[in-house]
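Subject: Structure for your review, with notes on pockets and packing

Dear colleague,

I am handing over the structure below, and after it I set out what was found. Please read the notes with the coordinates open beside you.

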Amino acid sequence: MAKIIALANQKGGVGKTTTAINLAASLAVLEYNVLIVDADPQANATSGLGFDLREVENSIYECIIDGTDPREATLQTEIEHLHVLPSHIDLVGAEIEMLNLPEREKVLSKVLEQVRDQYDFILIDCSPSLGLITVNALTAADSVIIPVQCEYFALEGLGKLLNTVKIIQSRLNPELEIEGFLLTMYDSRLNLSNQVVEEVQRHFQDMVFETLVSRNIKLSEAPSYGKAVVMYDATSKGAVNYLNLARELLKKNNLSEKK
């Protein structure tokens with residue numbers, strides 16, 4: 001049964017989608033079967049893996065609202081062990097449509113239960129908000145990875161996110177754990193980057209991943225070619241960072257590398 005991990009932070013531009021794509025691709029390269037669920041109406045994880053949004057027939061929207069079988073919506077990426085359940089701009093309206101559904105916070109959970117036995121990991125790329133879709137993602141997840149960028153406002157808003165996690169743990173998903181805080185956009189030359197790293201490590205101690213994701217031009221370029229960085233430039237710093245993160249995640253979950 002897949003471990004379901006949500007990538008969440010209501011702050012935009014912290015590296016959620018970059019992490020979803022590249023952590024998933026790294027796990028897939030290590031021969032684990034991985035599904036990315038693109039739960040963001042901007043659909044950047046879908047386009048970042050090379051899919052034309054105009055040609056997506058079924059998406060997570062149809063699965064949530066129309067009860068479409070997620071297997072019919074899932075797309076195979078260029079990486080053998082990596083699939084994506086794509087998003088669509090229609091997802092913007094899904095939150096309003098979901099208001100009248102019974103157990104509206106658990107709709108995504110029921111969708112993913114249908115395919116959970118086909119994967120080792122399911123990563124949910126959440127939108128930068130704490131709306132109903134993100135609540136669904138956290139209710140469906142076993143754990144959450146919180147990307148935090150190494151910049152001045154990094155810790156701003158984390159309290160609100162952690163409060164949301166606590167509410168979900170107490171009311172909807174008592175099994176939800178924090179997989180870890182991931183420091184992104186790290187630049188060792190900047191005092192500020194190093195200060196943020198120290199601050200986050202001091203606050204959250206062993207909940208912080210050892211892997212730091214550095215600022216890297218290849219990481220920024222790869223999505224415009226519809227590729228994960230490991231397929232775009234496997235020797236780049238970004239690719240190495242995310243492979244290290246994948247290995248750290250496997251170790252944390254007592255799983256060995258297949259390759």
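In this predicted model, the largest pocket is lined by 21 residues, and those lying nearest its centre are Gly-15, Thr-18, Met-185, Leu-219 and Ser-220. Its volume comes to about 350 Å³. At least two lining residues are supplied by each of helix H1 (16-29), helix H2 (44-48), strand E7 (177-186), strand E8 (208-214) and helix H10 (217-221), and H1 gives the most, with four residues. Sorted by class, that lining holds nine nonpolar, ten polar and two charged residues.

The second largest pocket has a volume of about 160 Å³. Its lining is made of Gly-12, Gly-13, Val-14, Gly-15, Lys-16, Thr-17, Thr-18, Asp-40, Gln-42, Asn-44, Cys-126 and Pro-128, which divide into three nonpolar, seven polar and two charged residues. Here, too, H1 provides the largest share, with three residues. Gly-15 and Thr-18, which lie among the residues nearest the centre of the largest pocket, also belong to the lining of the second largest pocket, a point you may wish to keep in view when you set up any grid.

Turning to the sheet, the model has an open sheet of eight strands in the order E3-E4-E2-E5-E1-E6-E7-E8, with mixed pairing. Its edge strands are E3 (75-76) and E8, each of which pairs on one side only. Helix H12 (residues 237-252) packs on this sheet, where it touches strand E1 (3-7), E5, E7 and E8, and the direction of H12 makes about 165° with that of E8.

Within the sheet, strand E2 (residues 34-39) and strand E5 (residues 121-126) pair in the parallel sense over six bridges, and Ile-36 has Leu-123 in E5 as its bridge partner. E2 also runs parallel to strand E4 (residues 82-85), to which four bridges join it, with Val-37 standing opposite Leu-85 of E4. E3 and E4, by contrast, run antiparallel and are joined by two bridges; Gln-76 has His-83 in E4 as its bridge partner, and the two strands form a hairpin with five residues between them.

Two helix pairs deserve a look as well. H1 and H12 pack with their axes 8 Å apart and at an angle of about 70°, which means that H1 is roughly perpendicular to H12. On the H1 side the contact is made by Thr-18, Thr-19, Asn-22, Leu-23, Ser-26 and Leu-27, and on the H12 side by Tyr-242, Leu-243, Leu-245, Ala-246, Leu-249 and Leu-250. The residues of this contact divide into eight nonpolar, four polar and no charged. Thr-18 of H1 thus appears in this contact and in the lining of the second largest pocket.

The other pair is helix H5 (residues 91-98) with helix H7 (residues 132-140), which pack at an angle of about 80° with their axes 9 Å apart, so H5 is roughly perpendicular to H7. Leu-91, Ala-94, Glu-95 and Met-98 of H5 meet Leu-132, Ile-133 and Asn-136 of H7, and by class the contact has five nonpolar, one polar and one charged residues.

With kind regards

Methods:
Residues are numbered from 1 along each chain as its sequence is written. This is a predicted model: local features need pLDDT of at least 70, side-chain atom pairs count only at pLDDT 80 or more; totals for chains, interfaces and linings use all residues. Side-chain values use heavy atoms; hydrogens and water are left out. On a 1 Å grid over the protein atoms alone, a cavity is a set of points where a 1.4 Å probe fits but cannot get out, and a pocket is an open set with protein on both sides within 12 Å along at least five of seven lines; lining residues have an atom within 4 Å of a point. Grid points are joined across faces, edges and corners, and a volume is the space filled by probe spheres set on the points. Ala, Val, Leu, Ile, Met, Phe, Trp, Tyr, Cys and Pro count as nonpolar, Asp, Glu, Lys and Arg as charged, and the others, Gly among them, as polar. Two strands pair if DSSP finds at least two bridges between them. Contact means heavy atoms within 4.5 Å. Axes are lines fitted to C-alpha atoms, for helices over the stretch in contact, and angles run from 0 to 180 degrees between N-to-C directions. Angles under 35 degrees count as roughly parallel, over 145 as roughly antiparallel, 65 to 115 as roughly perpendicular and the rest as oblique.
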